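Visitor: I should like a close look at one part of this model, beginning with a single position and working outward to its surroundings. Please explain how that part is placed and what it is connected to.

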Amino acid sequence: MEHHTVLITGASRGIGAAAARLFAEQGWDVALGYQTKKAEAEALAAQLAALGVRAMAVGADVADAAQVDAMFAAVEGQLGPVDVLVNNAGIAQIGLFTDLTEEQWDRVMDVNCKGVYLCCRRALPAMIAAHRGSIINLSSMWGQVGASCEVAYSAAKAAVIGLTKALAKEVGPSGIRVNCVAPGVIATDMNAALTAEDIAALEEETPLCRIGTAQEAAQAILWLAGEKSAFVTGQVLAPNGGIVV
Ligand code: NAD
């Protein structure tokens, strides 16, 4: 098989870790971005390497341009050019809009939105030179329809959809695809604060009557990365059980 390398940000756990496993199972070399969870990311890299692929853990705050640059340099040095970038790192912020501080607003926008910009900016010159590449950005159903008490998160995830569509148009002629995955409610640490009643209410709202797994969100990422989606760009794929249609 042709050699492929994927860089996934926020890959120490949750959807990013599930995606890393799926890519490795398909024979991809995998770079696992992490912010603070070095030991977890390195343990996962060791598990993936046992599948016979090359895997590495690499630290960076995606909101920091210098750290993003160093992350890409480390990946390129160890694994070669990044063929697929998965901008998965994200943070949620729950609370009344009237209580949202300027610092909280800035951090949510910086991680969820500016981080996507910084990683795309760093990845694209090599992809354009190679005339190939695929970028998958994690949005959310809340970026599509808005969530009460998650205004900053909803705004950032909506911006990711706008960025994806515009960038897809701009770099399509250079042979690069850019798409979004907008999951519904997925059982990860991001939703750890939800109570059993909250989950039950969300399940009731969902046509498929349950919340999703990290692996189900990861399958959408894998599909958008590979040849099976070769004619798909600028799209928002929503593994969400039908909660938003
Ligand atoms: P998670 O909290 O388990 O994982 C998020 C990952 O991002 C973590 O590994 C975290 O360390 C990393 N991260 C956070 N800030 C970072 C930073 N500044 N730099 C680098 N890494 C950073 O959550 P998850 O559910 O796996 O979320 C993955 C993506 O999917 C996020 O973008 C999230 O917004 C999106 N999403 C999740 C859900 C859901 O229901 N879980 C729904 C829709 C969208």
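**Ser12 and its surroundings**

Guide: Ser12 has a relative accessible area of 17%, which is under the 20% cut-off, and therefore counts as buried. This value, like the others given below, comes from a predicted model. Ser12 belongs to the loop between strand 1 and helix 1. When its neighbours within four places in sequence are set aside, Ser12 makes contact with Ala17, Gly33, Tyr34, Lys37, Glu40 and Ala41.

One of these contacts, Ala41, leads to helix 2, where Ala41 is among the buried residues, together with Leu44, Ala45 and Leu48. Viewed down the axis of helix 2, the buried residues lie within an arc of 105°, so they line one face of the helix. The elements against which they pack are helix 1 (14–25), strand 2 (29–34) and strand 3 (55–59). The length of helix 2 can be checked as well: its twelve residues (38–49), at 1.5 Å a residue, should span 16 Å, and this agrees with the 16 Å between its end C-alpha atoms.

Returning to the loop between strand 1 and helix 1, one comes to Arg13, whose side chain meets that of Asp189 in a salt bridge (3.6 Å, N to O). This pair joins distant parts of the chain, since Arg13 lies in the loop between strand 1 (5–8) and helix 1 while Asp189 lies in the loop between strand 6 (176–181) and helix 7 (196–205), 176 residues apart. Both partners are partly exposed: Asp189 has a relative accessible area of 49%, and Arg13 has one of 43%.

Arg13 also belongs to the surroundings of the ligand. Of the 28 residues that surround the ligand, the closest are Arg13, Ile15, Tyr153, Thr188 and Asn191. A polar backbone atom of Ile15 is 2.8 Å from an oxygen atom of the ligand. For Ile186, a polar backbone atom is likewise placed by a ligand oxygen atom, at 2.9 Å. Thr188 contributes a polar side-chain atom, which lies 2.6 Å from an oxygen atom of the ligand.

The salt bridge at Arg13 can be set beside others in the model. Side chains of opposite charge can pair when their charged atoms come close. The count of salt bridges is eight. Among them is the pair of Asp69 and Arg122, with the closest N and O atoms 2.5 Å apart. Here too distant parts of the chain are linked, Asp69 being in helix 3 (residues 65–79) and Arg122 in helix 4 (residues 102–130), 53 residues apart. Asp69 is partly exposed at 40% relative accessible area, as is Arg122 at 23%. Glu76 joins Asp69 and Arg122 in a network of salt bridges.

A further salt bridge brings together the side chains of Asp83 and Arg132 (2.7 Å, N to O). Asp83 is in the loop between helix 3 and strand 4 (84–87), Arg132 is in the loop between helix 4 and strand 5 (133–138), and this pair, 49 residues apart, again links distant parts of the chain. Asp83 counts as buried, with a relative accessibility of 10%, whereas Arg132 is partly exposed, with a relative accessible area of 29%.

Notes. Residues numbered from 1 in each chain as written. Predicted model: local features only at pLDDT ≥ 70, side-chain atom pairs only at ≥ 80, totals over all residues. Heavy atoms only, no water. Helix = DSSP H or I, 4+ residues; strand = E, 2+ residues; numbered from the N terminus. Expected span 1.5 Å × (residues − 1). Buried < 20%, exposed > 50% of the residue type's maximum accessible area, 1.4 Å probe, protein only. Arc of directions from axis to C-beta. Contact = heavy atoms within 4.5 Å. Salt bridge = Lys/Arg side-chain N within 4 Å of Asp/Glu carboxyl O. Near = heavy atom within 4 Å. Polar contact = N/O pair within 3.5 Å; in protein donor to acceptor, adjacent residues only side chain to side chain.
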